[in-house]
Amino acid sequence: MPVQLKTLIPLFAVFIILFLIARHFLIPDSFGKYGHYRANSIDEIAALPINYAGKAVCIDCHDTEAELLASDAHAGLSCEVCHGPNAKHADDYEIKEYLIKQGTREFCGRCHSLNPARKIEVINQIDIKEHHPEKENCIDCHNPHAVWELKE
Amino acid sequence: MGTKRMNASRRNFLKKSAALAGTILATSALAPFNAIIFAAGEPEDKTKIWYGIGIDIEKCIGCGMCAKACKSENNVPKEPFYYRSWVEQYTIKNDGSINVVSPNGGIDGFTQTVPEEELFKTFFVPKMCNHCAKSPCTQVCPVGATFESPEGITLVDKEYCIGCAYCIQACPYGCRYLHPVTKTADKCTLCYHRITKGLKPACVEVCPTGARIYGDLNDKEGELHKFLKEHNCQVLKPNLNTGSKLFYNGLSAEVR
């Protein structure tokens, strides 16, 4: 065997062993379980907290509003479209500071203002400036939950 | 001599062509054409959940509630340019010009400024991660920090990401951004933390017209299959063969 190899082989062996040791400690436990990634990261993402509780949860406690909503044109809307993300309130109903209660012309107009890209079969639109300007807010007339229950 | 050789080679050519045509015909009978598979490639395991998304452009009213809910649910930075989900309004005028706007991702709603008589057509296109079956973005990651989960959802491992932004460049749909605080790539997870708890993704939850649906592509009785069966759906940039699993109904050819 050439003399260079004799000195190089142990050196290489040391390098390879060091590399394997370093690799063992650097690669996270679950890496490669399903593929070329850390399988545990899936569980970490799944464990993130939620902010929207979902309509089914709101309905549990607010059956009056739920019934009203289901009875009219807004039946398809989720509570949290208008009231904002409220998982905190659903966990503890004393927490009310994140509840939004908007019934302004601007807010309802996000869906109902005239826009040629909105199909009339899908949503009925009005000119939010011209439509019954005698009252300031939409909810001064329309009940936000049962929209055809008009207050006079 | 010359004619003889030519005849021999012609016969060979015809034989080989016939054999080739026969093989193609036989293999095509083995794997019948399937519209969904055609678009998205095949799931690894047909017995497990494999998520896809459907968006009905005809039903979208451009309220931008989805884009807004996405930011609230996933704590996406509030300033513009950081979006996991956003809405675009396309305006095509009679003179043929196409204008695409997305003011703050549609989060504050839309107003149409072009007068009606100049309009050829106008519509909204909600955009989000296509959760491709052959994701270009996961292929370029040098460290294995972005990947496709067994359910067919493209995710990012925040701990492992080095913030090189290759994946952001690679996504042909522009669905990724570099998080300004963590300096890691961030994107739509189809609200993985919600759907694993049995809740709908935030954007689906708040959509007032039911324009968005999500579901299991392996479930032949599922809502998504029904949607794909009843509508003529198309994916974005099919020529790129990304295997996109986001199916649009009523997608106009102008949409990029």
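Begin with chain A of this predicted model, where domain 1 of chain A and domain 2 of chain A bury about 930 Å² between them. Carbon and sulfur atoms account for 62% of that area. On the domain 1 side, select Leu68(A), Asp72(A) and His74(A): these residues lose the most area to domain 2 of chain A, together 47% of what that side buries.

To display both partners in full, colour residues 51-100 as domain 1 and residues 101-152 as domain 2, following the domain assignment of chain A. The C-alpha centres of the two domains lie 20 Å apart. The contact takes 12 residues from domain 1 of chain A and 11 residues from domain 2 of chain A. How many salt bridges are counted between domain 1 and domain 2 of chain A? The count is 0.

Remaining in chain A, select Lys88(A) and Tyr98(A). The charged end of Lys88(A) sits over the ring of Tyr98(A), 5.0 Å from the ring centre.

Next, turn to chain B and select Lys245(B) with Trp50(B). Here the charged end of Lys245(B) sits over the Trp50(B) ring, at 4.7 Å from its centre.

The final stop concerns aromatic pairs, of which the structure holds 6 over all chains. One of them joins Tyr90(B) and Phe123(B) in a stacked arrangement, with 5.5 Å centre to centre and 5° between the planes. This pair links distant parts of the chain, 33 residues apart: Tyr90(B) belongs to strand E2 (residues 85-93) of chain B, and Phe123(B) to strand E4 (residues 119-128) of chain B. Are these two rings on buried or exposed residues? Tyr90(B) is buried, because its relative accessible area is 3%, and Phe123(B) is buried at 8%.

Notes
Residues are numbered from 1 along each chain as its sequence is written. Chains are lettered from A and ligands numbered from 1 in the order in which they are written. This is a predicted model: local features need pLDDT of at least 70, side-chain atom pairs count only at pLDDT 80 or more; totals for chains, interfaces and linings use all residues. Side-chain values use heavy atoms; hydrogens and water are left out. Rings of Phe, Tyr and Trp (its six-membered ring) pair if their centres lie within 6.5 Å; planes under 30 degrees apart count as stacked, over 60 as edge-to-face and the rest as tilted. Helices (H or I, at least four residues) and strands (E, at least two) are DSSP runs, numbered from the N terminus. Buried means under 20% relative accessible area, exposed over 50%, partly exposed in between (1.4 Å probe, protein chains only). A charge sits over a ring if NZ of Lys or CZ of Arg is within 6 Å of the ring centre and within 35 degrees of the ring normal. Domain bounds come from an automatic or database domain assignment. Contact means heavy atoms within 4.5 Å. Buried area is the accessible area (1.4 Å probe) that two parts lose on being put together, summed over both. A salt bridge is a side-chain nitrogen of Lys or Arg within 4 Å of a carboxyl oxygen of Asp or Glu.
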